[in-house]
Amino acid sequence: MILSCQNISKAFGTDVIVSDASFHLEEREKAAIVGINGAGKTTLLRMIAGELDPDGGAISITRGKKLGYLRQHQDVNSTSTIYEEMLKVKSDLLQMEQSLREMERQMRAFSEGSPENAPAAGDLAADGWSASGLAAGGLTANGSAGAASAASGSAANSSAEKYTQLMERYNRVSTEFENRNGYAIQSEVTGVLKGLGFTEEDFDRPICTLSGGQKTRVALGRLLLDEPDVLLLDEPTNHLDMSSIAWLEGYLQNYGKAVLVVAHDRYFLNRVATKIFELDNGHVTTFEGDYTAYSQKKAQMREIQWKAYLNQQQEIRHQEAVITKLKSFNREKSIKRAESREKMLDKIEVLEKPSEIRADMHLRFSPRTPSGTDVLQVRRLEKAWPGNLLFSDLNFEIRRGERVAVIGDNGTGKTTILKIINGLEQADAGSFTIGSRVQIGYYDQEHQLLHMDKTLFEEISDVYPDMTETEIRSVLASFLFTGDDVYKRVRDLSGGERGRLALSRLMLSNANFLILDEPTNHLDITSKEILEEALRNYTGTVLYVSHDRYFINQTATRILELKNRTLINYLGNYDYYLEKTEELTRLYAPAASERESTGPSVAKEDRARRKEELSQKRRQQNELKRTEDRIQELEERDREIDALLADETVFTDVDRCMELTMEKASVSEELEALYEKWEQLAG
């Protein structure tokens, strides 16, 4: 065991963050802390890192072990370059290397017969290196040479002794230098920087000129090079693109020491973590396994907890009703029996209501009207910034009902594509066409469409003036804004809260084409799962940019990867993308050097294209079958509703009749869209 937390507690005023929590981390173990936003995950890391003192309990790390901590935000204003900043981590090895070079110079001085350039014996002794007393070959005085004077013999012995000490010191330092991989410093630094998304052109950029995200990446690189025994990482994937996250996953998997990470990236957690610490309502529960194993076990526990909670609440209500009834009899015996039941009720240990289920957060996207079959067509689109061509000759189309994810490295132009389609940027060349009856709802990752000086209530009421105060409060409450929260200024909200507010506006738009730019940024895992379910149930069309691979895997029906200034089309989710990425990248978006060296291979491209077309056909047939099954299910339900509406016991019940009528309208709307989809797939 390298890290132990025993009965730790922390509160800020009346807000209890951690209560009597105990957990531990073994050497080489990879663990994650999960919980909703505001649960106290960062506070827990800061206590372990020693930045905050717990109110109670003890945190201990094995003696002699080093701990390293990556904060979410870095305030670094060094004038050093990125490369120089990284080398500072290896300063002791660099000094050791300089020492080795100096000793090599001194040994050359001995061999060239210039002992005056060699170090004095006292200098060697000051370094803490003791001589073995053995003589260096060729420089040792020959004790049998009687002709040599005592003085010259003494000088020779002194010189030999210094050389012996020097050789001993050199061997020891060089052995340590080699054991600590000192000869690979340059390549190690370069590998980490490139892995984290920096190019060689970036290496000479001063730290003080970097963005906050870039500074965080530099801090992460420094920490990885420092190789602490316990690595604490707070949201390390926030400022990394997909390729950098994949590199970090591999690095941490092979990291020979302990890792404790806070992250909302579930794909990352599945790849790295082998143990999960869940922080919920101040309590820490340990789950063995990756995030998927945790999620499954948590769902089982959640069901058990809710059943126990609901059963207890039902029993409490029953006992309270019995007590009230007994007291109403107003007789001595009945009152005594009521008092006895009250005492029993007071002794019950009331179960806490499980907080992980967000039954109170509702998100449902409902198009006001269905769009035409062709939602978007993009032809020969091109965009460049001064000195930087983002993309050229982009061609793609999106049809109704598709959920298309755009992925790619940072800076390739993904967000720019969305902004061009929304009219927020102008393309340098090319065009796009929006289909008939298409109504766009746009979510931007920077929330620039929100007004910072408005209250939450004003943000909704100004866009939807026909909504009543009760309706607005109801909508905001469904996104966890209750009471006086509705009068908060947008500028005072956290990133996650602004995301929820933007989603509430998007839900009210009733758009049939959602364009989303990093919709999961700042959302906790539970909120992400609610958004995933809402998109899977959405009957409209979705185009989004995301680096959340788990989210993409759960929602995308197609992926467009922006790579080498062009788009590669993948007819499936993220798992399918991983399976095909190497093959399709080589065929449709080779790097410039590959294009020059290999030239086009038409036959190979044709084979790959035919293979992809066959795969698409199979997927289309499967989708056709699913559509037919759904149509049959809805038609059957439509007939059931008609039969119920003809039943006297139903059509005389106004509330039930209204409920069935609304359901029939919803079924008819979905059937209409499915009929068009079936024609498209079958045609």
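Reader: How do strand 3 and strand 7 pair, parallel or antiparallel, and over how many bridges?

Author: In this predicted model, strand 3 (residues 30–34) and strand 7 (residues 258–262) pair in the parallel sense, with 4 bridges. For the register, take K30, which stands opposite V259 in strand 7.

Reader: What is the strand order of the sheet that holds this pair?

Author: The order is 5-6-7-3-8-9, an open sheet of 6 strands with mixed pairing. Strand 5 (67–70) and strand 9 (283–288) stand at the edges; each has a single partner strand, so one side of each lacks a neighbour in the sheet. From one strand to the next, the twist averages 15°.

Reader: Which strands of this sheet does helix 10 touch?

Author: Helix 10 packs on the sheet and touches strand 3, strand 8 (275–280) and strand 9. The direction of helix 10 makes about 120° with that of strand 9.

Reader: How is the packing of helix 10 and helix 11 to be read?

Author: Two packed helices are described by two values, the angle between their axes and the distance between those axes. Here helix 10 (residues 291–329) and helix 11 (residues 332–347) pack at about 155°, and their axes are 8 Å apart. Helix 10 is therefore roughly antiparallel to helix 11, since angles over 145 degrees count as such. The crossing of the two helices is left-handed.

Reader: Which residues make the contact of helix 10 with helix 11?

Author: Helix 10 contributes I316, Q319, E320, V322, I323, L326, K327 and F329. From helix 11 come S334, I335, R337, A338, R341, E342 and L345. By class, the residues of this contact divide into 8 nonpolar, 2 polar and 5 charged.

Reader: What is the order of the strands in the sheet that contains strand 14?

Author: That open sheet has 6 strands in the order 14-15-16-12-17-18, and its pairing is mixed. The edge strands are strand 14 (440–443) and strand 18 (566–570), each of which pairs on one side only. Neighbouring strands of this sheet are turned against each other by 15° on average, with direction ignored.

Reader: How do strand 17 and strand 18 run, parallel or antiparallel?

Author: Strand 17 (residues 558–563) and strand 18 run antiparallel and are joined by 5 bridges. K563 stands opposite T566 in strand 18.

Reader: Which strands does helix 15 lie across?

Author: Helix 15 (residues 495–508) lies across strand 14 and strand 15 (513–517). Relative to strand 14, helix 15 runs at about 180°.

Technical notes. Residues are numbered from 1 along each chain as its sequence is written. This is a predicted model: local features need pLDDT of at least 70, side-chain atom pairs count only at pLDDT 80 or more; totals for chains, interfaces and linings use all residues. Side-chain values use heavy atoms; hydrogens and water are left out. Two strands pair if DSSP finds at least two bridges between them. Axes are lines fitted to C-alpha atoms, for helices over the stretch in contact, and angles run from 0 to 180 degrees between N-to-C directions. Contact means heavy atoms within 4.5 Å. Angles under 35 degrees count as roughly parallel, over 145 as roughly antiparallel, 65 to 115 as roughly perpendicular and the rest as oblique. A crossing is left-handed if the near helix is turned anticlockwise from the far one by less than a right angle, and right-handed if clockwise. Ala, Val, Leu, Ile, Met, Phe, Trp, Tyr, Cys and Pro count as nonpolar, Asp, Glu, Lys and Arg as charged, and the others, Gly among them, as polar.
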